[in-house]
Amino acid sequence: MTKLTIVAHIKAHADKMELVKAELKKLVAPTLAEEGCLQYDLHQDNDDPSVFMFYENWESRAVWQKHMAAPHLATYSKAVEGAVKEFIVHEMTHIT
């Protein structure tokens, strides 16, 4: 089984930055408790505080896909509707 690394970039609208930040922080504890989650670190850009990044490691792509369907992700999506300017996900494999 191949582990999966996710790098997710979230850019909030400037006037919604604090809302998005608060909602992103709420994702950390329940996600870390999920089966197959090895790492789930939230970062905020030092130069542009409206930019956030999750660095995640999962046991497999299958467990990450299960995470993406989790109720707390749906709750987050509703809470930040219209507040996120950009959301980009990179699925990556560790090669060395």
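Is proline 49 buried, partly exposed or exposed? Select proline 49 to begin the tour; the model on screen is a predicted one. With a relative accessible area of 36%, proline 49 is partly exposed, because that class covers values between 20% and 50%.

**Stop 1: the loop around proline 49**

Proline 49 sits in the loop between S2 and S3. Six residues make up the hairpin connection from S2 to S3. Show the contacts of proline 49, leaving out neighbours within four places in sequence, and Met17 and Gln44 appear. Then add glycine 36 and draw a line between the two C-alpha atoms: glycine 36 and proline 49 are 13 residues apart along the chain, and the separation is 30 Å.

**Stop 2: the strands on either side of the hairpin**

Select S2, residues 37–44, and S3, residues 51–58. S2 and S3 pair in the antiparallel sense, with seven bridges. Two positions show how the strands are matched. Glutamine 39 stands opposite asparagine 57 of S3, and tyrosine 40 has glutamate 56 of S3 as its bridge partner.

Now add S1, residues 4–12. S1 and S3 also run antiparallel, and eight bridges join them. One residue to pick out is valine 7, whose bridge partner in S3 is tyrosine 55.

**Stop 3: an aromatic pair**

Keep S2 and S3 in view and show the side chains of tyrosine 40 and phenylalanine 54. The structure has one aromatic pair, and tyrosine 40 with phenylalanine 54 forms it. The ring centres are 4.3 Å apart and the planes differ by 25°. The pair counts as stacked, because the cut-off for that class is under 30 degrees. Tyrosine 40 belongs to S2 and phenylalanine 54 to S3, so the pair ties together parts that are 14 residues apart in sequence. Both tyrosine 40 and phenylalanine 54 are buried.

**Stop 4: threonine 5**

Move to threonine 5, which is in S1. Threonine 5 has 10% relative accessibility and counts as buried, because the limit for that class is under 20%. Its side chain makes a polar contact of 2.5 Å with the side chain of asparagine 57. Beyond neighbours within four places in sequence, threonine 5 is in contact with Tyr55, Glu56, Asn57, His90, Glu91 and Met92.

**Stop 5: the largest nonpolar core**

In soluble globular proteins, nonpolar side chains tend to be buried together. The largest nonpolar core here has 19 residues. Select Ile10, Val20, Leu24, Phe52, Phe54, Trp58 and Tyr76, which touch the most other members. S1, H1 (17–32), S2, S3 and H2 (61–68) each supply at least two residues of this core. S1 gives the most, with five residues.

Centre the view on leucine 24. Which residues is leucine 24 in contact with, leaving aside neighbours within four places in sequence? They are Ile10, Leu42, Phe52, Phe54 and Tyr76.

**Stop 6: helix H3**

Select H3, residues 71–79, where His72, Leu73 and Tyr76 are buried. Look down the helix axis: the buried residues fall within an arc of 100°, so they line one face of H3. Turn to the face of H3 away from the buried side to find the exposed residues Pro71, Thr75 and Lys78. To see what covers the buried residues of H3, show S1, H1, H2 and S4 (84–92), which are among the covering elements.

**Stop 7: lysine 26**

End at lysine 26, in H1. Is lysine 26 buried or exposed? Lysine 26 has 54% relative accessibility and counts as exposed, because the limit for that class is over 50%. Show the side chain of glutamate 23 as well; a polar contact of 3.0 Å joins the side chains of glutamate 23 and lysine 26. Last, add threonine 75. Between lysine 26 and threonine 75 the C-alpha to C-alpha distance is 10.0 Å, and the two are 49 residues apart in sequence.

Definitions and conventions
Residues are numbered from 1 along each chain as its sequence is written. This is a predicted model: local features need pLDDT of at least 70, side-chain atom pairs count only at pLDDT 80 or more; totals for chains, interfaces and linings use all residues. Side-chain values use heavy atoms; hydrogens and water are left out. A nonpolar core is a set of buried Ala, Val, Leu, Ile, Met, Phe, Trp, Tyr and Cys residues joined through side-chain atoms within 4.5 Å. Buried means under 20% relative accessible area, exposed over 50%, partly exposed in between (1.4 Å probe, protein chains only). Helices (H or I, at least four residues) and strands (E, at least two) are DSSP runs, numbered from the N terminus. Contact means heavy atoms within 4.5 Å. A polar contact is a pair of N or O atoms within 3.5 Å; within protein, one must be able to donate a hydrogen and the other to accept it, and residues adjacent in sequence count only if both atoms are side-chain atoms. The arc is that of the directions from the helix axis to the C-beta atoms. Rings of Phe, Tyr and Trp (its six-membered ring) pair if their centres lie within 6.5 Å; planes under 30 degrees apart count as stacked, over 60 as edge-to-face and the rest as tilted. Two strands pair if DSSP finds at least two bridges between them.
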